[in-house]
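Student: I have a chain open in my viewer and would like to talk it through with you. Could we take it one question at a time?

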Amino acid sequence: MQWCSLGAVVLGWTLLGVALATAQQPPAPIPGETVSAGRQYFVRYCSACHGVAGRGDGPTAAALRTPPADLTRIAQRRGGHFPMAEIAAYIDGRTIVPAHGSREMPIWGERFGEMGGGGSIGEEVVRGNLLVLIEYLQSIQQ
């Protein structure tokens, strides 16, 4: 009887562990859903400078000292490679790279984090927003 009780307890803990592990994993994105969300974020946060199509021709572009980049040619400028981590760091903006010069672009990492209320939840918002923006930018490469 003791072995049966012990086995039931072990089985219960195992099933609970599997259920918790499964619950913590985000669902797999539906193809196209991330890109669609990324386009919406891009239009909302980036198109004023970079233009709706991402070519650097937004309505405020002429007022900037440094023209906004044509984001449809990121990979082309890097020999066909799209550097996800580099682009994420640049959009996030909280890590300043002195060699890149001054920055007119907003520091989106701070702004997105504030939208999520700061802390660990704010950081999740930052990661999620960067993910969808980067997926979208990859989709518009020429």
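Student: Let's begin with a single residue. Is proline 67 buried or exposed?

Tutor: Happy to start there! Proline 67 is found in the loop between helix 3 and helix 4, where helices are DSSP runs of H or I with at least four residues, strands are runs of E with at least two, and both are numbered from the N terminus. Buried means under 20% relative accessible area, exposed over 50%, and partly exposed in between, using a 1.4 Å probe and protein chains only. The relative accessible area of proline 67 is 64%, so the residue is exposed.

Student: What kind of model is this, and how are residues numbered?

Tutor: This is a predicted model, in which local features need pLDDT of at least 70 and side-chain atom pairs count only at pLDDT 80 or more, while totals for chains, interfaces and linings use all residues. Side-chain values use heavy atoms, with hydrogens and water left out, and residues are numbered from 1 along each chain as its sequence is written.

Student: How far is the C-alpha atom of proline 67 from that of glycine 56?

Tutor: Along the chain, proline 67 and glycine 56 are 11 residues apart. In space, their C-alpha atoms are separated by 7.0 Å.

Student: Alanine 61 is in that loop too. Which residues is alanine 61 in contact with, leaving aside neighbours within four places in sequence?

Tutor: Alanine 61 has its place in the loop between helix 3 (47–50) and helix 4, and its relative accessibility is 12%, so it counts as buried. The C-alpha atoms of alanine 61 and alanine 48 are separated by 7.4 Å, although the two are 13 residues apart along the chain. Taking contact as heavy atoms within 4.5 Å, the partners of alanine 61 are Ala48, Cys49, Gly56 and Pro68.

Student: Now the whole chain. What pattern does it follow along the sequence?

Tutor: Buried residues make up 28% of the 142 residues in the chain. Among contacts between residues at least 6 apart in sequence, 44% join residues at least 24 apart. The chain has seven helices and zero strands, and its pattern reads α-α-α-α-α-α-α.

Student: Which helix supplies the largest share of the largest nonpolar core?

Tutor: A nonpolar core is a set of buried Ala, Val, Leu, Ile, Met, Phe, Trp, Tyr and Cys residues joined through side-chain atoms within 4.5 Å. The largest one here has 19 residues, and those with the most contacts inside it are Phe42, Phe82, Ile87, Ile91 and Leu137. At least two residues each come from helix 2 (33–45), helix 4 (74–77), helix 5 (84–92), helix 6 (108–115) and helix 7 (119–139). The largest share, six residues, comes from helix 7.

Student: How are helix 5 and helix 7 oriented to each other?

Tutor: Axes are lines fitted to C-alpha atoms, for helices over the stretch in contact, and angles run from 0 to 180 degrees between N-to-C directions. Helix 5 and helix 7 pack at about 125°, with their axes 10 Å apart. Angles under 35 degrees count as roughly parallel, over 145 as roughly antiparallel, 65 to 115 as roughly perpendicular and the rest as oblique. The two helices are therefore oblique.

Student: And what is the orientation of helix 2 to helix 7?

Tutor: The axes of helix 2 and helix 7 come within 7 Å and cross at roughly 100°. That makes helix 2, relative to helix 7, roughly perpendicular.

Student: Which residues does leucine 137 contact, leaving aside neighbours within four places in sequence?

Tutor: Leucine 137 is among the residues with the most contacts inside the core. Its contact partners are Phe42, Leu71, Phe82, Ile87 and Ile91.

Student: Last one: which residues does glutamine 142 touch, not counting those up to four places away in sequence?

Tutor: Glutamine 142 has its place in the segment after helix 7, and at 47% relative accessibility it counts as partly exposed. Its C-alpha atom and that of arginine 73 are separated by 5.9 Å, with their positions 69 residues apart along the chain counted as the distance apart. The residues that glutamine 142 touches are Arg55, Thr72, Arg73 and Gln76.
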